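Let's go through this one by asking how each label was earned. Have the structure open while you read.

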Amino acid sequence: VFFNCTKLSINELQNAINKANADVKINFTADIEGEIMIQQKANVNLTIDGQGKKFDGTFTIDGMNRYTELEFVKFQKINFYAKNATNYYNEATSSMNFIYAPKQTATGAGRSAHNVFVEDCTFDKAEDDVTVSGLLTEQSYGITIKNSTFSNLFSIGQFKANNKFTKFEGV
C-alpha cells in the first residue's frame, strides 16, 4: 500500500500512519513540518520515504510494549532540518529530537520502539540556541542507522536502555 502525501499537511501524514493496517510506504511530495506519533502495530511495517524533502519536527515512536515483534519503522531519504527547533523543544528531554522513542511510563503505558531503521537521511539544524539531537531513544530494541549524515547537532543520538542493538553503517 502506498500513500503519496500530496497536500503535505501534518494531519494528512498522521492520518495515513494511523490508518495503516498492512505494510505501507508513505512518500513525501513536498517539505513538511510538525509532530507525528507512530504507534507500532502488530504485523504492520511502515516506511516513510522523504524522497529528499525536508522534515522539521519530531517523530515519536511508541512500540506498544511489543519489543520482541518483527514489524519495523523505516525512515529513508528524509532531510531532517530543524529550522524551527524551538517549536518542537521537549521540556522532559531538554532538547529537540527528530526521532524520539520514550521510555515506559510509571503507569506501565507501553513504549519499547523496535526495529527502527534510518537510511540515507540527513540531519541538520539552523538555530544555534536549541539543543538538537538526531535520535533520542530512552527504551528501544534494534536501532539501525545506515548511510546518513549529521551536522550542526548536539549529538547524533542518545541511546538509553537499548536491549537489542544499536548499529551504525556508513555514518
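Q: Which strand does aspartate 49 lie in?
A: Aspartate 49 is part of strand β4, residues 46-49. Keep in mind that this is a predicted model.

Q: How do you know whether aspartate 49 is buried or exposed?
A: Its relative accessible area is 5%. Buried means under 20%, so aspartate 49 counts as buried.

Q: What does aspartate 49 touch?
A: Leaving out residues up to four places away in sequence, aspartate 49 touches Lys25, Ile26, Asn27, Phe28, Gln76 and Lys77.

Q: What makes the approach of aspartate 49 to glutamine 51 a polar contact?
A: The side chain of aspartate 49 reaches the backbone nitrogen of glutamine 51 at 2.8 Å. The cut-off for such a pair is within 3.5 Å, so this one qualifies.

Q: Why is the pairing of lysine 25 and aspartate 49 called a salt bridge?
A: Their side chains meet at 3.4 Å, N to O. A lysine nitrogen has to be within 4 Å of a carboxyl oxygen, so the pair fits. It links distant parts of the chain, with lysine 25 in strand β2 (residues 24-28) and aspartate 49 in strand β4, 24 residues apart.

Q: Why is lysine 25 called partly exposed?
A: Lysine 25 has a relative accessible area of 25%. Partly exposed is what lies between the buried limit of 20% and the exposed limit of 50%, so the label fits lysine 25.

Q: How many salt bridges does the structure hold?
A: There are 2. One of them joins lysine 74 to glutamate 119, with the closest N and O atoms 4.0 Å apart. Lysine 74 sits in strand β6 and glutamate 119 in strand β9 (residues 113-119), so this pair ties together parts 45 residues apart in sequence.

Q: What makes glutamate 119 buried or exposed?
A: Glutamate 119 has 18% relative accessibility. The limit for buried is under 20%, so glutamate 119 counts as buried.

Q: How do you know that β3 and β5 pair?
A: Strand β3 (residues 32-39) is joined to β5 by 8 bridges, and the two run parallel. Pairing takes at least two bridges, so this counts. Glycine 34 has glycine 57 in β5 as its bridge partner.

Q: What makes β5 and β7 a pair?
A: Strand β7 (residues 79-82) and β5 pair in the parallel sense over 2 bridges. The requirement is at least two, so the pair qualifies. Phenylalanine 55 has phenylalanine 80 in β7 as its bridge partner.

Q: Why is strand β5 called mostly covered?
A: In strand β5 (residues 54-62), 8 of its 9 residues are buried.

Q: Which residues have the most contacts inside the largest nonpolar core?
A: That core has 37 residues, and the ones with the most contacts inside it are Ile38, Ile48, Phe59, Phe75, Phe80, Phe98 and Phe123. Its largest share, 4 residues, comes from strand β8 (residues 96-101).

Q: What makes the side chains of strand β10 alternate?
A: In strand β10 (residues 122-125), Phe123 and Lys125 point to one face and are buried, while Thr122 and Asp124 point to the other and are not.

Q: Where in the chain is confidence lowest, and where highest?
A: Strand β1 (residues 2-5) is lowest, at a mean of 58, and strand β6 (residues 73-76) is highest, at 97. Where pLDDT is low, the predicted coordinates shouldn't be read in detail.

Methods: Residues are numbered from 1 along each chain as its sequence is written. This is a predicted model: local features need pLDDT of at least 70, side-chain atom pairs count only at pLDDT 80 or more; totals for chains, interfaces and linings use all residues. Side-chain values use heavy atoms; hydrogens and water are left out. Buried means under 20% relative accessible area, exposed over 50%, partly exposed in between (1.4 Å probe, protein chains only). A polar contact is a pair of N or O atoms within 3.5 Å; within protein, one must be able to donate a hydrogen and the other to accept it, and residues adjacent in sequence count only if both atoms are side-chain atoms. Contact means heavy atoms within 4.5 Å. pLDDT is the predictor's confidence in each residue, from 0 to 100. A nonpolar core is a set of buried Ala, Val, Leu, Ile, Met, Phe, Trp, Tyr and Cys residues joined through side-chain atoms within 4.5 Å.
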